[in-house]
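Open the model in a viewer and keep the sequence panel in sight. The stops below each begin with a selection.

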Amino acid sequence: MAVRVQPRQLAFALPHAESLTRDNFLEGPANEAALSLIESWPDWPNRIMLLAGPEGSGKSHLAAIWAEQAGARSISAHALNAAAVPGALATGALVVEDLRLADFDERALFHLLNLAREDGAFVLITGRVPPAAFEIELRDLRSRLRAAPVVSLLPPDDLLFRGLIVKFCADRQLSIDETVVSYLATRIERSYAAARQAVDLLDTEALRLGRPVTRALAAELLRNA
């Protein structure tokens with residue numbers, strides 16, 4: 001006798017638009033100083049500023065807001081090389097994204113900071129930790145980075161954390177109610193990355209199972225995570 005197998009619905013990772021405008025930036029005590037920095041441009045204490053914070057804390061969002069204001073170009077710290085420096089600074093403002101330990105060309109970054117100083121350009125460098133924590137071989141680069149002011153993004157408070165869950169769901173066009181938000185907010189690690197990962201999981205599994213995002217689904221997924 002032939003056995004009919006129920007086909008398993010597949011979940012496809014479709015692209016979703018994450019709004020990086022000022023109107024869609026969630027404000028709170030955790031990011032107040034960083035937002036103030038962006039909005040105070042061009043009256044910065046230094047033309048080279050560092051923005052540090054944990055994964056998902058809004059560094060790229062803030063950098064995008066500033067880039068729109070300042071007409072800045074953007075380049076990944078990992079992709080920076082000496083040949084790219086003059087072009088990167090062509091508009092007089094540049095975002096250097098995601099500076100990580102041992103994952104960038106020290107000489108290229110030193111060249112960039114020197115040229116920025118000569119040209120009076122503004123540079124916003126983002127990273128998860130301040131460069132002071134790095135072991136940098138070039139002494140002059142080390143002193144330049146340590147002299148640049150650092151503005152830090154802090155872990156989210158409860159109100160901001162709940163807002164992040166709602167925003168990440170809205171970015172994915174997920175309809176949720178307060179019961180889901182409250183359930184997640186009290187059961188997952190209070191971090192930007194955890195909020196994003198939880199929403200990603202809910203979206204993927206709701207699509208795969210053909211179910212709405214409810215408290216019951218959230219409970220099932222967290223139980224099995």
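Select His 61 first. Is this residue buried or exposed? Its relative accessibility is 7%, under the 20% cut-off, so His 61 counts as buried. The model is predicted, and the values given here are computed from it. His 61 belongs to helix H2, residues 59-70. Show what surrounds the side chain: apart from residues up to four places away in sequence, His 61 touches Ser 19, Leu 20, Thr 21, Asn 24, Phe 25 and Lys 167.

Stay with H2 and turn on the pocket surface. The largest pocket has a volume of about 440 Å³. H2 is among the elements that give two or more residues to its lining, the others being helix H6 (158-171) and H8. In total 27 residues line this pocket, and those nearest its centre are Gly 56, Ser 57, Gly 58, Lys 59 and Arg 196. Colour the lining by class: nine residues are nonpolar, nine polar and nine charged.

Next, select Pro 156, in the loop between E5 and H6. Pro 156 has 5% relative accessibility and therefore counts as buried. Draw a distance from its C-alpha to that of Arg 190: the two are 7.0 Å apart in space and 34 residues apart in sequence. Beyond residues up to four places away in sequence, Pro 156 touches Arg 190, Ser 191 and Tyr 192, and also Ala 30, Phe 161 and Leu 164.

Now move to strand E1, residues 48-52. Why is this strand described as largely enclosed by the rest of the structure? Five of its five residues are buried, so E1 is largely enclosed. In a regular strand the side chains alternate between the two faces of the sheet. Here one side of E1 carries Ile 48, Leu 50 and Ala 52, the other carries Met 49 and Leu 51, and both faces are covered.

Show the strands that pair with E1. E4 runs parallel to E1, with five bridges between them; one bridge partner pair is Ile 48 and Val 123 in E4. Strand E5, residues 150-152, also runs parallel to E1 and is joined to it by three bridges. On that side, Leu 51 stands opposite Val 151.

Val 123 leads on to the core. Leaving out neighbours within four places in sequence, Val 123 is in contact with Trp 44, Arg 47, Ile 48, Met 49, Leu 89, Leu 94, Val 96, Leu 112 and Ala 116. Now select the whole of the largest nonpolar core, which has 26 residues. Val 123 is one of the members that touch the most others, along with Leu 89, Val 96, Leu 109, Leu 112, Leu 113 and Ile 125. At least two residues each come from strand E1, helix H3 (85-88), strand E3 (93-97), helix H4 (106-119), strand E4 (122-127) and helix H5 (139-147). H4 supplies the largest share, six residues. A second, separate core has 25 residues, including Ala 30, Cys 169, Ala 198 and Val 213.

Finish at helix H9, residues 215-224. Which of its residues are buried? Select Leu 217, Ala 218, Ala 219 and Leu 221. Then add helix H7 (178-185) and helix H8 (192-209), which are among the elements covering them.

Notes. Residues numbered from 1 in each chain as written. Predicted model: local features only at pLDDT ≥ 70, side-chain atom pairs only at ≥ 80, totals over all residues. Heavy atoms only, no water. Core = buried A, V, L, I, M, F, W, Y, C linked by side-chain atoms within 4.5 Å. Buried < 20%, exposed > 50% of the residue type's maximum accessible area, 1.4 Å probe, protein only. Helix = DSSP H or I, 4+ residues; strand = E, 2+ residues; numbered from the N terminus. Contact = heavy atoms within 4.5 Å. 1 Å grid on protein atoms, 1.4 Å probe; cavity = no way out; pocket = protein on both sides within 12 Å on 5 of 7 lines; lining within 4 Å. Points joined across faces, edges and corners; volume = space filled by probe spheres on them. Nonpolar A, V, L, I, M, F, W, Y, C, P; charged D, E, K, R; others polar. Pairing = 2+ DSSP bridges.
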